[in-house]
Structure formats: structure tokens, C-alpha cells
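Here are my notes on the model you sent, set out as numbered points. I begin with the chain as a whole and then turn to particular helices.

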Amino acid sequence: MVLSFILTLVVANFLSIQFGESYIYFAFHQKLVVHSPPENVMGFDTESSDRITQEGEEANVGVENQPREAPNSTSLDQLQTIKTRNWWIWIFVSSGLVVTGRVFSTLLLNFYFVQTGRDVCDDPKQFKGTWLQSMVQNAAFPFTALFAFLWCSLSSNHRKTITSSASSSGKLFLLYISLGVLFAAYSQLYAIGRTHCIFFFWIFTTQLIFTSMFTAIINKHKFNRWIILSVILSGVATGVTSSDDAYNPCEGEGYKMSYGAWCGFFGTVAFSLSLCIMQLGFEKVIPKTESKVSSVMLMQTYASMIATLICLVGLFVSGEFRDIKKDFETFKKGKPLYVLTLTGLSLAWQVMSIGLVGLVCLVSTLFSNVVSFCATPLANILVVVAFRFMDDDIEWFKGGALLAGILGFASYAYSLYKTVKKRASQSETLRV
């Protein structure tokens, strides 16, 4: 964990030295509190008006007496509307991926714990299988790689993406390595914290605090009252329902409890740093990539591949690979369902990760983490329904937590809406 923390700081400083300080501005030099809709949103051909005008002028070079029409304000308004609409569509698509992945990964992980007997306090398996859990969390990268390949094959500008990526291969390699190490670190640390510490879910809630701190320092993120309100509501929503889980570790020895608590703590730090490094990579290393979809998919694919290799080494070095056969044979619902459970769990985690990376690319690190936290109450309520419906009712405060999560998402979305509206108003005023 210390190694990954040092590596992350080195990468952050390296990128800052290479590219300098970066602040996000409105058009016409107004400071942003969040990202504005990018010129090319997730691969759509939504080029800026200045670039369109420039390309039109270049097309007329060498043609004598060629009439040049001034850009029509109506056309510019339509172009901006299309850009903004596509940006919002991809935000909701990515948010849907996060919610879907969060719900299914939570349900399947709890199902795995119950069916393998890890919910029994006296079972020695309770503290085992952490390397397998962390490896499964990243092992579905071939699915992401296939999707990226198909997207690049269908995209008309994939050649330019490949060229731009090759020109900065050294920086991309350093970026992917650091993200892969962080992925493996927080996956393993979270797995240990979940199985060793009964207070893990309250420690997990501090992830939002670390993300806010790191994104303010590393990404120069600006806060307003709507963003602060969103952070508070999403944190409350997760904290209230944090104990609603079908699997809770039993109170073991003091050293195991302390060990799990520290692992959970450093896991939140590693996860928060990974999101900030992602945003730094999108802003500094690959800012001119034509297809945002392919850049998101490639980042997730390479980082997950590196994390999987690290976890695979840990699985064999620790000797936990011997327990896989026992779990396979003693799975209560049968061997085929054991394989389907791990496969579905891996795919669900990958879907959630793709959504998180997409939101980092489209908006910010903080918004990505807020959406993840806002989805937690829904996932935990469904866990109660699926695993403890007869023993635990859905109290009013759980419904309140779900409402707080929805309001937290709405608060941040309203901040984005105000930002986009203000930018459009300023642009229209200057054209007039």
C-alpha cells in the first residue's frame, strides 16, 4: 500500500511538471466549478465553432475568389445544443452503468459469501479468499477490450486516436501502470477490510472525504454550495445503510479487527487517488483523443489487466489458490452456479468501473464518486430484501437514505445544469 501511495504521488508530480498547472475555465476565461461539456463528447462528432470555421477556411485555400460565408448564429446555437444534449446523454448512460454495476455486484458478492459459508462465524473460511475476490473484481478486462475494439472498428476517427496514443506512449504506460497498481491495492485492501472488520462500511464512507480532498489538491476542483450539499447527502445516504449487508464479519481477535480497519482505511485512500489520477490522465496525457469512448475503455482495460496480473501473483504466492477447488465443490447451489456467480460478479464490477471512468472523463472525479455513493442505498436495500427479508424490515430511515441519495445526485446535476446554462448565456450575449 505504501508503495502504491508513493508511486501515485510520483505520477501526479511527473504529470504536473510535464504539462504545468491546469485550471478549468469557461469559454471567454470564466472559471468553472465543474467540467464543461467537452468539444468531443464520447466519440460524437461535436467539434467547436472555431474549429469548424478554421477547417472551412483551410478547405478554400488555393481557390481564387471563393466566397466565404460567415457562420450563422442559428447553426452555432444548434451545434451547441447538440453538444450539450450528447454530453447529458452520456452522463446518464454512465451513471446508469454505475448504479447497475453497484446493485448487481453487491447482490452477487453477498450471494457468494452465503453460499460458500463465509457468513458463519466459526467457519475458518471467513478470513480467506481475499485474493480471489480482488482478482475477480478486475478479471473482466477482456470484455472491455472487446468493446473497445468494436468501437474503434466502427468509429471513423479511430486512426487518429491510435496515432495520438502512440505519440505519448511513455506517459500512457506510466499512467496505466500506476492505475493498475492502485486498482490491485484497493481491491485487496477492501477485501481484507470487509472480511476482518465489522466497522468496514463506516470506514468505507470516508472515501468521499478523501476524494474531495485529493481532487481539490490534485485536480484543482472548485466547489460550490450545490456540490457541497451533494457530497453531504450522498455521504449520509451511504452511512445510514452501511450495515445493511447479508454478510457481516464476526467479532474476532483484536489484532484482526485492527488489521482489517487499517486495510479498509488505506483502501479508501487508494481508491480516491486512482480516481484523481484518472482525471489527471484525461486532462494532461490524452486531452486530444478524438474518441472519448475508446480512451475510457482503453484506460479501464489496461489498468484492470495489470491489476489482474498482480492479484493472480498474490493468489498463488499466498497459497489461496488451493481453496478455490474446495469452494467449487462445496458451493451450496452447485458447481455451475459457482462459476456463473464469479463470472457475473466480475462483469458487474467491470460495468460499474466503466461507468466510474466515464463520469471522470465527462465531469469530474468527485461526481463519479458521488454517483457511486448515491447508488449504495438502493443496493443495500435490495440486499435486505433478497437475503434477510423475513428477519429485517425496511425501516423508514432506509427509505430516507434512498431519498437522500437521489437528492444528492440531483444536487450535483443541478450544479452542472447551471454551469452549462450560464456558459450558453454568455456565449449568446457576446455573439449579439
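1. In this predicted model, residues 24 or more positions apart account for 87% of the contacts in the chain with a separation of 6 or more. The chain has 16 helices and zero strands, and of its 432 residues 51% count as buried.

2. Two packed helices are described by the angle between their axes and the distance between the axes. For helix α4 (residues 130-138) and helix α14 (residues 335-362), the axes come within 7 Å and cross at roughly 55 degrees. Angles from 35 up to 65 degrees fall between the roughly parallel and the roughly perpendicular classes, and α4 and α14 are therefore oblique to each other.

3. On the α4 side, this contact is made by Leu132, Gln133, Val136, Gln137 and Asn138, while α14 contributes Tyr338, Leu342, Leu345, Ser346, Trp349 and Gln350. Sorted by class, the contact of α4 with α14 has six nonpolar and five polar residues, and no charged ones.

4. Helix α5 (residues 141-154) has 14 residues, which at 1.5 Å a residue should span 20 Å, and the C-alpha atoms at its ends are 20 Å apart, so the expected and modelled spans agree.

5. Which residues of α5 are buried? They are Phe141, Thr144, Ala148 and Cys152. Viewed down the axis of α5, these buried residues fall within an arc of 70 degrees, so they line one face of the helix. Phe149 and Leu154, by contrast, are exposed on the other side of α5.

Note on methods
Residues numbered from 1 in each chain as written. Predicted model: local features only at pLDDT ≥ 70, side-chain atom pairs only at ≥ 80, totals over all residues. Heavy atoms only, no water. Axes fitted to C-alpha atoms, helices over the stretch in contact; angles between N-to-C directions. Helix = DSSP H or I, 4+ residues; strand = E, 2+ residues; numbered from the N terminus. Parallel < 35°, antiparallel > 145°, perpendicular 65-115°, else oblique. Contact = heavy atoms within 4.5 Å. Nonpolar A, V, L, I, M, F, W, Y, C, P; charged D, E, K, R; others polar. Expected span 1.5 Å × (residues − 1). Buried < 20%, exposed > 50% of the residue type's maximum accessible area, 1.4 Å probe, protein only. Arc of directions from axis to C-beta.
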